[in-house]
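Student: Could you take me through one part of this model in some detail? I'd like to look at the aromatic rings.

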Amino acid sequence: QVQLVESGGGLVQPGGSLRLSCAASGFTLDYYSIGWFRRAPGKEREGVSCISSNGRTTYYADSVKGRFTISRDNDKNTVYLQMKSLNPEDTAVYYCARGPRFRATIDPAAFGSWGQGTQVTVPS
């Protein structure tokens, strides 16, 4: 019954912006941290960002710090990832996942439910 659905990906020019959405159903969103991960062609999965269950704590990988912003609206059952200053190294499939209630981490082993992913492509 747990479902996470990512949307908002697409093609964007270098320096541009996108907002990704992660829509949750089948569970109480405010009981869980939510993480964003990405997998680029030929590379292993990378943790991008995480937001705590109450939204007070956020984490960003060094590669996206200062460019990406994670937020959540528990009343709308949705978590967002606002991405700006995109570059070709950001090209990947982006996934959201459900994490622990009382921890904020981007260790993939701590996340038990995953969405299907949304493609972000930054050419050149």
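How many aromatic pairs does the structure hold?

Tutor: Sure, and keep in mind that this is a predicted model. The structure holds 4 aromatic pairs. Let's start with Phe27 and Tyr32: their ring centres are 5.4 Å apart and their planes sit at 85°, which is over the 60 degrees needed, so this pair counts as edge-to-face. The two partners differ in how much they show: Phe27 is buried, with a relative accessible area of 15%, while Tyr32, at 23%, is partly exposed. Tyr32 has another neighbour too, since the charged end of Arg98 sits over its ring, 4.3 Å from the centre.

Now move on to Phe37 and Phe111. They also make an edge-to-face pair, with 5.0 Å from centre to centre and 80° between the planes. Look at where they come from: Phe37 is in strand β4 (residues 34-39), whereas Phe111 is in the loop between β9 (92-98) and β10 (113-114), so this pair ties together parts that are 74 residues apart in sequence. Phe37 is buried, with a relative accessible area of 0%, and Phe111 counts as buried as well, at 5%. Add Trp114 and you get the whole group: Phe37, Phe111 and Trp114 form one aromatic cluster.

One more ring to check while you're there is Tyr31. Arg101 lies over the face of Tyr31, at 4.4 Å from the ring centre.

Notes: Residues are numbered from 1 along each chain as its sequence is written. This is a predicted model: local features need pLDDT of at least 70, side-chain atom pairs count only at pLDDT 80 or more; totals for chains, interfaces and linings use all residues. Side-chain values use heavy atoms; hydrogens and water are left out. Rings of Phe, Tyr and Trp (its six-membered ring) pair if their centres lie within 6.5 Å; planes under 30 degrees apart count as stacked, over 60 as edge-to-face and the rest as tilted. Buried means under 20% relative accessible area, exposed over 50%, partly exposed in between (1.4 Å probe, protein chains only). Helices (H or I, at least four residues) and strands (E, at least two) are DSSP runs, numbered from the N terminus. A charge sits over a ring if NZ of Lys or CZ of Arg is within 6 Å of the ring centre and within 35 degrees of the ring normal.
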